[in-house]
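Q: Before we go through this model term by term, could you show the sequence and the structure, so that each label can be set against its criterion?

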Amino acid sequence: MKKLLSLFIVSILFSCNTKEEINQTAEISCGQCQFKLEADGCDLAVKIDNKAYFVEGFGIDDFGDAHDENTGFCNVIRKGNISGKIKEGKFIASSIKLID
């Protein structure tokens, strides 16, 4: 019985840590300037299901100057097709392609 209970608990832990790959259109911007996330400095973030996550795998300046008045993530929220997984409260991006 203890082995069965242990197996059950382990399977729950693994299923909670394993998220499906996310492939969708999302808002992309500066987490601090536009999505009001707390951290030091400006960092890239995406909004998935109305919740913002910092991005790992891409930087805020990978898509141009983050402080550009018209296109910079610190000044505007842009849209893009994103792929990746949410892990430990961050979006681990495998692909980001801006669509605007």
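Q: Leaving aside its neighbours within four places in sequence, which residues is S29 in contact with?
A: This is a predicted model, and in it S29 is in contact with Q34, F35, D43, L44, A45, F73, V76 and I77, once its neighbours within four places in sequence are left aside. S29 itself lies in strand β1.

Q: Why is S29 called buried?
A: The relative accessibility of S29 is 0%, and buried means under 20%, so S29 counts as buried.

Q: What makes the approach of the S29 side chain to V76 a polar contact?
A: The side chain of S29 reaches the backbone oxygen of V76 at 2.8 Å, and the cut-off for such a pair of N or O atoms is 3.5 Å, so the distance falls within the limit.

Q: Where is Q34 placed, and which residues does Q34 contact beyond its neighbours within four places in sequence?
A: Q34 is found in the loop between β1 and β2, and, leaving aside neighbours within four places in sequence, its contacts are S29, F73, C74, N75, V76 and I77. The side chain of Q34 also reaches the backbone oxygen of C74, at 3.0 Å, while the C-alpha atoms of Q34 and A45, which are eleven residues apart along the chain, are separated by 9.1 Å.

Q: Why is Q34 called partly exposed?
A: Its relative accessibility is 26%, and partly exposed covers the values between the 20% limit for buried and the 50% limit for exposed, so Q34 counts as partly exposed.

Q: How do you know that C42 and C74 are in no disulfide?
A: A search of the whole structure finds zero disulfides. For C42, the nearest cysteine sulfur is that of C74, 3.5 Å away, and for C74 the nearest is that of C42, again 3.5 Å away. A disulfide requires the two sulfur atoms to be within 2.5 Å, so this pair does not meet the criterion.

Q: What makes C42 partly exposed, and what makes C74 buried?
A: The relative accessible area of C42 is 29%, and that of C74 is 7%. Since buried means under 20% and exposed over 50%, C42 is classed as partly exposed, whereas C74 is classed as buried.

Q: What makes β1 and β2 a pair of strands, and how do they run?
A: Four bridges join strand β1 (residues 22-30) to strand β2 (residues 44-48), and the two run antiparallel. Pairing requires at least two bridges, so the four found here satisfy the criterion. Along this pairing, E27 stands opposite K47 in β2, and S29 stands opposite A45 in β2.

Q: How do you know that β2 also pairs with β3?
A: Four bridges join β2 to β3, which run antiparallel, and at least two are needed, so these strands also count as paired. The bridge partner of A45 in β3 is F54. Together β2 and β3 form a hairpin with two residues between them, and D49 in the turn has a positive phi of about 50°.

Q: Why is β2 described as largely enclosed by the rest of the structure?
A: Four of the five residues of β2 are buried, so the strand is largely enclosed by the rest of the structure.

Q: In what order do the five strands close into a barrel?
A: The strands close into a barrel in the order β1-β2-β3-β5-β4, with mixed pairing. The twist averages 55° from one strand to the next. Along the sequence, the protein chain follows the pattern α-β-β-β-β-β, with one helix and five strands.

Q: Which residues touch the most other members of the largest nonpolar core, and which elements supply that core?
A: Of the 18 residues in the largest nonpolar core, I48, I82 and F91 touch the most other members. The elements giving two or more residues to this core are β1, β2, β3 (51-56), β4 (78-87) and β5 (90-98), and β1 gives the most, with four residues. Leaving aside neighbours within four places in sequence, F91 has contacts that include I22, V46, I48, Y53 and I82.

Notes:
Residues numbered from 1 in each chain as written. Predicted model: local features only at pLDDT ≥ 70, side-chain atom pairs only at ≥ 80, totals over all residues. Heavy atoms only, no water. Axes fitted to C-alpha atoms, helices over the stretch in contact; angles between N-to-C directions. Buried < 20%, exposed > 50% of the residue type's maximum accessible area, 1.4 Å probe, protein only. Contact = heavy atoms within 4.5 Å. Polar contact = N/O pair within 3.5 Å; in protein donor to acceptor, adjacent residues only side chain to side chain. Core = buried A, V, L, I, M, F, W, Y, C linked by side-chain atoms within 4.5 Å.
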